[in-house]
Amino acid sequence: MNDNSGRGVLVILSGPSGAGKSSVCTRLRREFDAEMSVSATTRPPRPGEVNGKDYWFLDREDFLSKAQTGYFAEHAEYCGHYYGTPLRPLQDALREGRVVLLEIEVEGARQIRERFPEAVSIFIAPPSAEEAVRRLEKRRQNTAQDIAKRTKQATIELERAKEYDYVVVNDNLGAAVAEVKDILTRERAKRLGAFSQ
Ligand code: ADP
Ligand code: 5GP
């Protein structure tokens, strides 16, 4: 299926855990008038996470039955839990001409590209694998076992960076945010026809 995204800009942000995706998204929301799609997940909430704001926290049964009815624009399994992007709010935001950020893993990104070919995809990479692990340890939100799983997954994800339109290395957060803002400004202008002859 190929959805028409209307006038908005659909932005996929992926990257290994600890690369800084959430940090980049938080800044973009504040500084670029972009909105985040709120995903559904079967993973348990981390301390401080709020249902309906950070994620919609669902049990597996509910998630899978929603998936069967076409509730999600994409969904995938990551480190033993399901994650999915609700379709309807995404379509509504794009129809209103919004810039919508999907912070999703590589398999979901592939599904979105197929369904929304005009989506812009950006891979956020850490300066090194070691630095990503250091950041996860510093974030103190994952168990040692969880960090080990995510580090293993990172190798698979880094190999798929070439599927993305852009790769941004998040060494200095401010510089990475500036680079993403620059990409989005150009992509939005293209869609408004500002660069057409
Ligand atoms: P992700 O969403 O990709 O898993 P986060 O945005 O949660 O990553 O970042 C992981 C940790 O690294 C957080 O504690 C965050 O504050 C920190 N961080 C993010 N970007 C940088 C950076 N450029 N330099 C140092 N630390 C960073
Ligand atoms: P976390 O558990 O750290 O919040 O997220 C784990 C991974 O799932 C991250 O790579 C994140 O980008 C991804 N993710 C979050 N929401 C979605 C979603 O709706 N769909 C997919 N496919 N991945 C998601």
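**Two ligands, one largest pocket**

An oxygen atom of ligand 2 lies 3.3 Å from an N or O atom in the side chain of Thr 85. That contact belongs to a predicted model, so please read every value here as computed from that model. Ligand 1 sits in the largest pocket, and ligand 2 sits in the largest pocket too. The points below take the ligands in turn, then the pockets, the cavity and two loop residues.

**Ligand 2 and its surroundings**

- Besides Thr 85, the side chain of Tyr 83 has an N or O atom 2.6 Å from an oxygen atom of ligand 2.
- Arg 150 brings a polar side-chain atom to 2.8 Å from an oxygen atom of ligand 2.
- On its own, ligand 2 has 510 Å² of accessible area, and the protein covers 95% of it.
- There are 16 residues around ligand 2, and the nearest are Ser 39, Arg 43, Tyr 55, Tyr 83 and Glu 105.
- Tyr 83 therefore appears twice in this picture, as one of the nearest residues and as a polar partner within 3.5 Å of the ligand.
- Strand S5 (72-78) and strand S6 (81-86) each give at least two residues to the shell around ligand 2.
- Sorted by class, that shell holds seven charged, five nonpolar and four polar residues.

**Ligand 1 and its surroundings**

- Which residues are the closest to ligand 1? They are Lys 21, Ser 23, Arg 139, Asn 170 and Asp 171, out of 14 residues that surround it.
- Gly 18 takes part through its backbone, with an N or O atom 2.9 Å from an oxygen atom of ligand 1.
- Ser 22 uses its side chain, where a polar atom lies 2.9 Å from an oxygen atom of ligand 1.
- Asn 170 also uses its side chain, but the partner is a nitrogen atom of ligand 1, at 2.9 Å.
- Taken alone, ligand 1 exposes 560 Å², and the protein buries 77% of that.
- Helix H1 (21-31) and helix H5 (129-139) are the elements that give two or more residues to the shell around ligand 1.
- H1 gives the most to this shell, with three residues.
- The shell around ligand 1 is made up of seven polar, four charged and three nonpolar residues.

**The largest pocket**

- How much space lies in the largest pocket? The figure is about 1200 Å³.
- Its lining counts 42 residues, and those nearest its centre are Lys 21, Ser 22, Arg 46, Glu 103 and Arg 139.
- Some of these names are familiar: Lys 21 and Arg 139 are among the closest residues to ligand 1, and Ser 22 has a polar side-chain atom 2.9 Å from an oxygen atom of that ligand.
- H1, S5, S6, H5 and H6 each supply at least two residues of this lining.
- By class, the lining of the largest pocket has 18 charged, 13 polar and 11 nonpolar residues.

**The second largest pocket**

- The second largest pocket holds about 270 Å³ of space.
- Of the 13 residues that line it, Arg 43, His 81, Asn 142, Thr 143 and Asp 146 lie nearest its centre.
- Arg 43 links this pocket with ligand 2, as Arg 43 is also one of the residues that come nearest to that ligand.
- H6 makes the largest contribution to this lining, with four residues.
- The lining divides into five polar, five charged and three nonpolar residues.

**The enclosed cavity**

- The structure holds one cavity of 30 Å³ or more, and the volume of the largest cavity is about 70 Å³.
- Residues lining the largest cavity include Pro 16, Ala 132, Leu 136, Thr 151 and Leu 158.
- Arg 150 is another of the lining residues, and its side chain also has a polar atom 2.8 Å from an oxygen atom of ligand 2.
- H5 and helix H6 (144-159) each supply at least two residues of the cavity lining.
- Seven of the lining residues are nonpolar, two are polar and one is charged.

**Two loop residues to look at**

- Asp 33 is not a glycine, yet it has a positive phi of about 55°.
- Where is Asp 33? It lies in the loop between H1 and strand S2 (34-36).
- Cys 79, another residue other than glycine, has a positive phi near 45°.
- Cys 79 is found in the loop between S5 and S6.

Conventions:
Residues are numbered from 1 along each chain as its sequence is written. Chains are lettered from A and ligands numbered from 1 in the order in which they are written. This is a predicted model: local features need pLDDT of at least 70, side-chain atom pairs count only at pLDDT 80 or more; totals for chains, interfaces and linings use all residues. Side-chain values use heavy atoms; hydrogens and water are left out. A residue is near a molecule or strand if one of its heavy atoms lies within 4 Å of it. A polar contact is a pair of N or O atoms within 3.5 Å; within protein, one must be able to donate a hydrogen and the other to accept it, and residues adjacent in sequence count only if both atoms are side-chain atoms. Accessible areas come from the Shrake-Rupley method with a 1.4 Å probe; for residues, only the protein chains shown count as cover. On a 1 Å grid over the protein atoms alone, a cavity is a set of points where a 1.4 Å probe fits but cannot get out, and a pocket is an open set with protein on both sides within 12 Å along at least five of seven lines; lining residues have an atom within 4 Å of a point. A molecule sits in a cavity or pocket if more than half of its atoms lie within 2 Å of its grid points. Ala, Val, Leu, Ile, Met, Phe, Trp, Tyr, Cys and Pro count as nonpolar, Asp, Glu, Lys and Arg as charged, and the others, Gly among them, as polar. Grid points are joined across faces, edges and corners, and a volume is the space filled by probe spheres set on the points.
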